[in-house]
Amino acid sequence: MPEVNGPQRLGGWTRLVTARPRLALFAALVITMLAVFAGSGVADRMGSGGWEAPDAESTYTTKALEREFPVSQPNLLLLVDSGGASVDDPAVAAEAARLTERLAGEKGITGVGSYWQSKSPALRAEDGRQALIAARIEGDDKAMGEVLDRIAPAYRGVHGPVDVSVGGPVAVRHEMQTIIQEDLLRAEMIALPVTLVLLVMVFGSAIAALLPLGVGIVAILGTNAVLRGITEFTDVSVFAQNLTTALGLGLAIDYALFIVRRFREELSAGAGARDAVGATLRTAGRTVLFSALTVAVSLAAMLVFPQYFLRSFAYAGIAVVLLAAAAALVLLPAALVLLGPRVNSLDLRRLLRRGDGRAVERTGGVVRGRPGGHDEPSESAGPAGAGRGWGRFAALVMRRAPVFAAATAVGLVLLGLPFLGVKFGTADDRQLPASAESHVVQQHIRDGFPGSPGGGLEVLTEGAATPAQYAEYRNRIAGLPGVLRVDGPATAGRFAYFSVLPDGEAVGEETQRLVQDLRAEPAPFDTSVTGTAAVLVDSKHAIADRLPWAVGIIVVVTLLLVFLLTGSVLIPLQAVVLNALSLTAMFGAVVWVFQDGHLSGLLSFTSTGDMETTLPVLMFCVAFGLSMDYGVFLLSRIKEEYDRTGDHERSVTFGLRHTGGLITAAAVILAVVMVAIGTSRVTNTKMLGLGIALAVLMDAMVVRSLLVPSVMKLMGRVTWWAPAPLRTFHRRFGLSEGESVPVPAEEISKDAPERDRVTSGA
């Protein structure tokens, strides 16, 4: 039987959170209040773009055109509808001219032009009933939003014989930002009460149920303050606030479930409040720390990408994960020291309990009265007997390990097959609800105006050139495959630009090839290309260039952390492979639903036939980190039992019995939060919320319940193998949850396999 370690001396960390718990909680309250103040107004400082690579050719070209030819890059469009009359009717033309002149006089507006000035057919609808006034609002996102708020009410609506609607990129971004903030507030109002009800069902005690919510609120408020500070130095996407809320609540609940459950087990074993907190921090606390590190690393990998949309999620994710872990490991233990056994107060499930035919005393999450006289820690995440149910389920899975492993793996691969047909595109107004004004304007332009509105390409030239050279270059690019028309050049000093109208879809494969052809076309001057398709080409290149680095960082650090936790070389490899496999259903589903448009009516979104390029990267990093979160919880308990008994199969059964209900409860609660985020009216946010919710549930209910135990059974004692140098390294630097608690001999079945204490797997 394993040796029994003596009482462990409280470390500095434990002393810190147990010696002065009231002081710790008071300091936390003060810091939280400061965070509320520091984080106020953070959404107003965030942007709604960030999908472009800042060092890309298209980005450089766009900025140069904005500087040298502001009229070429309008971001504000007024759709003028003349009703039953023609836009060339004198009364309509006079009113349109008045509106154009008035808009040109507005502060912050440049480059105003209209159909009635230029008679350009691109600005007139094919039915002659609508036409456009175009302009450019100067400044950053915040300044442009303020100008739009100031002028839009004066132009929107009926003006004599015409009806005006406001659209354009600025209106799309501004409306998207407003909707995201409104939807986030609604998601919080949905998630908080539902989460509280679920936590009461999980813990039984209303007091215990409130603790995770407190940890989550502290993490969310703290992250908002961090993001507010980051906006002083760089751009941050408003979409990142959704991740802050989701992970703030989700991870806080995960960590608090693990901490509180272990604390209640220690109390039930007879420990005092301070000793119980100390034991909890030495065991579950280490697991929470490992989990936070793995999730933070997965999110930090997005920092390698140049797009600030992805980097924003890294800022928010790292901050909220570390703050949730800090609150769970400092504030929560301080509260538990003060509460002691009162953590089980206000047990709202007492009236629902029924006897099971034997004397059962529920005390702090422990079922007393186990046959043989030994007290068994129960699943605090479920009713009495839930742990034994998970144990029987684990035994069933391992008895039929080849069947469960093969069927589960094949099923997950099949669910992921739709992702093979993924098509990448750019985010546009169709992210918004169909009723949003800027979406309506852009849809009218798509449906009723000639050419491919929004899909034009601009070629910027730099350097001295003669009219003959410009004409020759224009003729050459007009002859390229896929070119419908070339306009220009417009000149300004040593700069000039040509407008190229593609013959195909705005971001179709033909238009993307045209971008490459334009860039490859020789010219007597420097040229660069921008436009929607050019931005997509550059974004895809930037992601493909950095993706190996991001995946490499995640894999290498995950392998290292899981090795430090388990001491095995094979378990980290297994964790990475199974985690990646758990994401297949998510990727297959988002393509089938959001790209292909299935369930678009039920979920109220407009399918564009493609996926925004950065979304799969974001979803991979977030979902992989959350999957590792649950993987660490399960592996820590398996390793704890293996250290105590050396029995491989018993350890797997023990791990699933003591974490199955816990992980399932945590996954359901996190899925509720993500589904609340998924109720957003913005398609990308809806895709993120619903996709991550599916990934979390698949990981907890399929991979952790079926695939992990069956694969570990098939691997057998080899699971724990490591070469001698690495075993030495792990003994010196590794961490685990176990405390070398002795196991009574009668608990080890006589027919159990020989205990493989030597991890070399000889």
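Which residues form a nonpolar patch on the surface, and what accessible area do they have together? The legends below describe close-up views of a predicted model, beginning with this patch.

**Figure 1. A nonpolar surface patch that includes Leu420.** The patch is formed by Val410, Val413, Leu414, Leu417 and Leu420, which together have about 490 Å² of accessible area. Leu420 belongs to the loop between helix 13 (401-416) and strand 9 (424-425). With a relative accessible area of 73%, Leu420 is exposed, because the cut-off for this class is over 50%.

**Figure 2. An open sheet of four strands with antiparallel pairing.** The strand order in this sheet is 11-12-10-13. Strand 11 (483-492) and strand 13 (526-531) stand at the edges; each has a single partner strand, so one side of each is left without a neighbour in the sheet. On average, and with direction ignored, neighbouring strands of this sheet are turned by 20° against each other. Strands of a sheet pair through backbone hydrogen bonds, in either a parallel or an antiparallel manner.

**Figure 3. The pairing of strand 10 with strand 12, and the helices that pack on the sheet.** Strand 10 (residues 457-462) and strand 12 (residues 495-502) run antiparallel and are joined by six bridges. Within this pairing, Thr461 stands opposite Ala496 of strand 12. Helix 16 (residues 509-520) lies across strand 10, strand 11, strand 12 and strand 13, and runs at about 10° to strand 10. Helix 17 (residues 532-566) also packs on the sheet, where it touches strand 10 and strand 13. The direction of helix 17 makes about 95° with that of strand 13.

**Figure 4. A cis peptide bond at Pro489.** The peptide bond that leads from Gly488 to Pro489 is cis, and its omega is near 10°. Pro489 is part of strand 11, which stands at an edge of the sheet. Most peptide bonds are trans, and most residues other than glycine have a negative phi.

**Figure 5. Positive phi values at Lys119 and Leu599.** Lys119 has a phi near 60°, a positive value in a residue other than glycine. Lys119 is placed in the loop between helix 5 (115-118) and strand 3 (130-137), and counts as partly exposed at 47% relative accessibility. Leu599 likewise has a positive phi, near 70°. The loop that holds Leu599 runs between helix 19 (584-595) and helix 20 (600-603). Leu599 is partly exposed, its relative accessible area being 42%.

**Figure 6. A salt bridge between Asp88 and Arg124.** The closest N and O atoms of Asp88 and Arg124 are 3.6 Å apart. This pair links distant parts of the chain, its two residues being 36 residues apart. Asp88 lies in the loop between strand 1 (76-81) and helix 4 (90-104), whereas Arg124 lies in the loop between helix 5 and strand 3. Asp88 counts as partly exposed at 36% relative accessibility, and Arg124 is partly exposed with a relative accessible area of 25%.

**Figure 7. Further salt bridges of the model, including a network.** The count of salt bridges comes to 29. One of them joins Arg650 to Glu641, with the closest N and O atoms 2.6 Å apart. Arg650 is partly exposed, with a relative accessible area of 22%, whereas Glu641 is buried at 0%. Arg704 and Asp699 form another salt bridge, in which the closest N and O atoms are 3.0 Å apart. Arg704 is buried, with a relative accessible area of 5%, and Asp699 is buried as well, with a value of 0%. Salt bridges also link Glu182, Asp183, Arg186 and Arg681 in a network.

**Figure 8. The surroundings of Gln574 in helix 18.** Gln574 is located in helix 18 (residues 570-582). Gln574 counts as buried at 9% relative accessibility, because the cut-off for this class is under 20%. When neighbours within four places in sequence are left aside, the residues in contact with Gln574 are Val708, Val711, Met712 and Met715.

Terms used
Residues numbered from 1 in each chain as written. Predicted model: local features only at pLDDT ≥ 70, side-chain atom pairs only at ≥ 80, totals over all residues. Heavy atoms only, no water. Patch = residues over 30% accessible without salt bridge, like charges linked within 9 Å, V, L, I, M, F, W, Y side chains within 5 Å. Areas by Shrake-Rupley, 256 points an atom, 1.4 Å probe, with all protein chains shown as cover. Salt bridge = Lys/Arg side-chain N within 4 Å of Asp/Glu carboxyl O. Buried < 20%, exposed > 50% of the residue type's maximum accessible area, 1.4 Å probe, protein only. Pairing = 2+ DSSP bridges. Axes fitted to C-alpha atoms, helices over the stretch in contact; angles between N-to-C directions. Contact = heavy atoms within 4.5 Å.
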